[in-house]
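Here's a quick tour of a protein model, for anyone who likes to have the structure open while reading. Pull it up and follow along.

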Amino acid sequence: MTVSPEGLSLAAEFPDANREQWQRLVEGVLRKSGAQDVSGADAEDALATDLQDGLRVRPLYTATDTAAEPGYPGSFPFVRGGRPQGSAVGGWDVRQQHTDPDPRRANEAVLADLEHGVTSLWLTLDSEHGLPVAALPQALDGVYLDLAAVALDAGAEFPAAAEQLLAMYDKPTGTLGADPLGLLARTGDDARTAELLAAATGLARRTAEGHPGLRALAVDALPYHEAGASAAQELGCALATGVAYLRELTAAGLSADEAAGQLEFRLAATADQFLTIAKLRAARRVWARVAEVCGVAGEHAAQRQHAVTSRVMMTERDPWVNMLRTTVACLAAGLGGADAVTVLPFDEAVGLPDAFARRIARNTQSVLLEESHLARVIDPAGGSWYVEQLTEELARAAWAFFQEIERAGGQRAALTEGLVAERIGQTWAERSAELAHRREPITGVSEFPNLGEQPLTREPAPARPAGGLPTVRRAERFEALRRRSDAFLAARGARPKAFLAAIGPAAAYAGRSAFAANLLQAGGIETTSAEGTDAAALAEAFAASGAAVACLCSSDKLYVEHAEAVAAALKAAGARLVLLAGQGGEQREAYQRAGVDAFVHVGSDAVAVLTAALDEIGAV
């Protein structure tokens, strides 16, 4: 039988399914798993996920989930990209950051990057702690500035840094990086903000008149992201900062089009792929609305975006996993339509990146561009019911926070009066609780840690501006526990140890034993174990292990039969902290009376439990 392609209908023999039928299937799965006994829309809702900013991600999106029309690339509202061609012609700009304070080494690294796939440079300058502004010509020696754009990041020294760059070449491209409000966010020092705003305005007038390929100002949202801001808070702060700069520039005589053309926005890209894609798309949407209100026309209303892989997600422990995180973040930045992308080296949280780490960072982008061909299609996520809906909801949340900042008097006032710090602090406190309870896992740190890893050693990186908003990382509390373990190892010759009392046959304790070992290892605590149901024998094995902490592991049924006796025996044998893997059920109080100090399960505060364990072990 021959079937023509025109007549092929793959679904012709199947009846149409509807949402109610799918929900009934979900009901059955939930009942069988013992998770929940719910039906209809409640069954669907049971699979939904709450995000920050009041957003809720449903498990299924369909054509009924409508969002605002995203338009076309290069056209208002620029959701699908700021340029008509997107990155389809030459890919996005591969921008590598350089922070080495030594001019010679910085120059060697710069040239190596440009010879191996990097298309622009992001130089961090700091005459006190980093690469001196006066050394910029040496760091860029041999660089063809007509081919490679340069983005400067010089803090309060941006006027001098700009002069250095402009003196080196008649027609440089890139950004001079003036960002007085971003500096205020990082340092908390408002004393020179007015002076620096005036200097930034002067630079903008100069570049608008004579340097068409150069932007004077950066709207850097990284200080907010790195303080723990949500996606909407990051965008809201970026929006408020951009509006503040537009006001300054137009008041100084630039047209609205010229003023908008002087800004480049710097945003974080995380390993949350879809949220990053939606964030970049939402950022262009909300900025287009600002531009529309301000009378910015045509291509000038498009937001120029520089995406940087998140420092918040980077880890000191098992830093090799950072390669995976930055790969996903880079992918999301590219799919989200960023004009320039920086992949931070995997050892960035450890110290000054080495040549191998920089090579992996730039090759990550090369693989995604040249082998995965991510730039061939403009906005490939566009049209996804999920992505479009998430973009719309995130844009609305960002706009709401922007309006709150504007009501407070604008970004400068919101920073100096503490509004931004307060809101971001609340957000980070909530997220820290999720991290501590391991509801937001960190692979290689809070989940599946490798206690045998050899820590990387790197030269210390230059100090970054501080005194304003804090800088945070997801892994920092667990890594502090691991440092206590390392100190114990150095002093005693062995790591802190916990004893797992595995009650019954392996089938009864295997799952909870693995769970408990994984949790304890997240705090740098090694485990040893013995199995059986005889309380005296388990207590004897505990005493022989030399451990100070014990954890009971078994099924709820065997706990009822043996947990009280085992807990009491362990206490009598000298256990200073007795844990039980599970919630205890109806026998919880009885177990506590017998000697159980804490219960460890999926919802428990792992940081609190591990801190208590290390305290009892004597790890300082």
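What follows goes from the whole chain to its cavities and then to a handful of individual residues.

First, some housekeeping. This is a predicted model, so local features need pLDDT of at least 70 and side-chain atom pairs count only at pLDDT 80 or more, while totals for chains, interfaces and linings use all residues. Residues are numbered from 1 along each chain as its sequence is written, and side-chain values use heavy atoms, with hydrogens and water left out.

**The chain as a whole**

How does the radius of gyration of the protein chain sit against that of a compact globule, and why? A compact globule of 620 residues would come in near 25 Å, and the protein chain has 28 Å, so the two agree. Here the radius of gyration is taken over C-alpha atoms, and the globule rule is 2.2 Å times the number of residues to the power 0.38. Laid along its principal axes, the C-alpha trace spans about 85 × 70 × 55 Å.

The secondary structure adds up to 22 helices and 15 strands; these are DSSP runs numbered from the N terminus, with helices being H or I of at least four residues and strands being E of at least two. Of the 620 residues, 52% are buried, where buried means under 20% relative accessible area, exposed means over 50%, and partly exposed is in between (1.4 Å probe, protein chains only). The accessible surface comes to about 26500 Å², and carbon and sulfur atoms own 52% of that surface. Those areas come from the Shrake-Rupley method with a 1.4 Å probe, and for residues only the protein chains shown count as cover.

As for contacts (heavy atoms within 4.5 Å), take the ones with a separation of 6 or more: 76% of them join residues 24 or more positions apart.

**Cavities**

There are four cavities of 30 Å³ or more. A cavity, on a 1 Å grid over the protein atoms alone, is a set of points where a 1.4 Å probe fits but cannot get out, and lining residues have an atom within 4 Å of a point. Grid points are joined across faces, edges and corners, and the volume is the space filled by probe spheres set on the points.

The largest cavity has a volume of about 160 Å³. It is lined by 19 residues, and the closest to its centre are Gly-86, Ser-87, Gly-334, Gly-337 and Ile-378. The lining is a mix of seven nonpolar, seven polar and five charged residues. In that split, Ala, Val, Leu, Ile, Met, Phe, Trp, Tyr, Cys and Pro count as nonpolar, Asp, Glu, Lys and Arg as charged, and the others, Gly among them, as polar.

**Some residues up close**

Here are the accessibilities of six residues to keep in view.

| Residue | Relative accessible area | Class |
|---|---|---|
| Gly-236 | 0% | buried |
| Arg-474 | 12% | buried |
| His-562 | 18% | buried |
| Asp-53 | 30% | partly exposed |
| His-373 | 31% | partly exposed |
| Asn-450 | 38% | partly exposed |

Gly-236 belongs to helix α9 (residues 231–251). Beyond its neighbours within four places in sequence, Gly-236 is in contact with Ala-398, Phe-401, Phe-402 and Ile-405. Measuring from C-alpha to C-alpha, Gly-236 and Leu-610 are 37 Å apart in space and 374 residues apart in sequence.

The loop between α16 (419–436) and α17 (476–492) is home to Asn-450 and also to Arg-474. Not counting residues up to four places away, Asn-450 touches Gly-444 and Arg-482. Its C-alpha is separated by 8.9 Å from that of Gly-524, 74 residues along the chain. Arg-474, with neighbours within four places set aside, has contacts that include Val-312, Arg-325, Trp-428 and Glu-440.

His-562 lies in helix α20 (residues 556–572), and away from its neighbours within four places it is in contact with Ile-503 and Thr-533.

**Backbone oddities**

Which residues does a cis peptide bond join? Phe-76 and Pro-77, with omega at about 5°; Pro-77 is in the loop between β2 (56–57) and β3 (93–98).

Two non-glycine residues have positive phi. Asp-53 has phi near 70° and is found in the loop between β1 (49–50) and β2. His-373 has phi of about 60°, in the loop between α13 (355–371) and α14 (385–407).

How values were computed: On a 1 Å grid over the protein atoms alone, a cavity is a set of points where a 1.4 Å probe fits but cannot get out, and a pocket is an open set with protein on both sides within 12 Å along at least five of seven lines; lining residues have an atom within 4 Å of a point.
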